[in-house]
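Visitor: I'd like a close look at a single part of this model. Could you pick one strand and walk me through what surrounds it?

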Amino acid sequence: MAGPTSSVDDKLPIKMLNDRVLVKVSDKGTDRKSSGGIVIPATAQVQKRLVWATVVAQGQNVRSCEIGDKVLFSPDDRYEVEVQGEDYVMLRERELHAVAAERIEASTGLYL
């Protein structure tokens, strides 16, 4: 006899493994504005530029960030994944360059 069937619309929980971090890149960061007010389109790439994103899930071995933190990473080191119609980026913890969060003591003098 046939077993139970599941529809494509069933939502399954996702567990991040090991040192993996799932982040959401903001859509508003496409165009930038220089300090002089000149709009720089997202397609203009003069040099490598790191990207800020928000952590939405993490594996059990991740120690340097928490869900909701802003993290800085290189767009060259990423793997994109779509979950329920939303685009996310999968990273390893070692690919993170910086973490910005309320709980972190200010030691550099820099703030977002």
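**Strand E5 and its surroundings**

Guide: Let's start with a side-chain pair: Lys-70 and Thr-54 are joined by a polar contact of 3.1 Å. Keep in mind that this is a predicted model. Lys-70 belongs to strand E5, and its relative accessible area of 38% makes Lys-70 partly exposed. In sequence, Lys-70 and Thr-54 sit 16 residues apart, yet their C-alpha atoms are 4.6 Å apart in space.

The strand pairing gives the setting for that contact. Strand E4 covers residues 51-58 and strand E5 covers residues 70-73; the two run antiparallel and are joined by four bridges. One pairing to look for is Trp-52, whose bridge partner in E5 is Leu-72. E5 also pairs with strand E8, residues 96-100, again in the antiparallel sense and over four bridges. On that side, Leu-72 stands opposite Ala-98 of E8. Put Leu-72 at the centre of your view, then, and you can go from Trp-52 through to Ala-98.

Now for the nonpolar side of things. In soluble globular proteins, nonpolar side chains tend to be buried together. Here the largest nonpolar core has 11 residues, and E5 supplies Val-71 and Phe-73 among them. The rest of that core is Val-21, Val-23, Ala-53, Val-55, Val-62, Cys-65, Val-89, Leu-91 and Leu-96. Elements giving two or more residues to this core are E1, E4, E5 and E7.

Phe-73 is a good residue to click on. Setting aside neighbours within four places in sequence, Phe-73 is in contact with core members including Val-23, Ala-53, Val-89 and Leu-91. The contacts of Phe-73 also include Val-25, Leu-50 and Val-51, along with Arg-78, Glu-95 and His-97.

Next, the charged pairs. Side chains of opposite charge can pair when their charged atoms come close. This structure holds four salt bridges. Start with the one involving the loop between E4 and E5: Arg-103 forms a salt bridge with Glu-66, with 3.5 Å between the closest N and O atoms. Glu-66 lies in that loop and Arg-103 in the segment after E8, so the pair ties together parts that are 37 residues apart in sequence. Both ends are partly exposed: Arg-103 has a relative accessibility of 41%, and Glu-66 has 42%. Asp-69 joins in as well, since Glu-66, Asp-69 and Arg-103 are linked in a network of salt bridges.

Moving away from E5, Lys-24 forms a salt bridge with Glu-86, and here the closest N and O atoms are 3.0 Å apart. That pair links distant parts of the chain, with Lys-24 in strand E1 (residues 20-25) and Glu-86 in strand E7 (residues 86-92), 62 residues apart. Lys-24 is partly exposed at 24% relative accessible area, and Glu-86 is partly exposed too, at 38%.

Finally, Arg-20 forms a salt bridge with Asp-19, the closest N and O atoms being 2.8 Å apart. Arg-20 is partly exposed, at 25% relative accessible area, whereas Asp-19 counts as buried because its 19% falls under the 20% cut-off.

Notes:
Residues are numbered from 1 along each chain as its sequence is written. This is a predicted model: local features need pLDDT of at least 70, side-chain atom pairs count only at pLDDT 80 or more; totals for chains, interfaces and linings use all residues. Side-chain values use heavy atoms; hydrogens and water are left out. Two strands pair if DSSP finds at least two bridges between them. A salt bridge is a side-chain nitrogen of Lys or Arg within 4 Å of a carboxyl oxygen of Asp or Glu. Buried means under 20% relative accessible area, exposed over 50%, partly exposed in between (1.4 Å probe, protein chains only). A polar contact is a pair of N or O atoms within 3.5 Å; within protein, one must be able to donate a hydrogen and the other to accept it, and residues adjacent in sequence count only if both atoms are side-chain atoms. A nonpolar core is a set of buried Ala, Val, Leu, Ile, Met, Phe, Trp, Tyr and Cys residues joined through side-chain atoms within 4.5 Å. Contact means heavy atoms within 4.5 Å.
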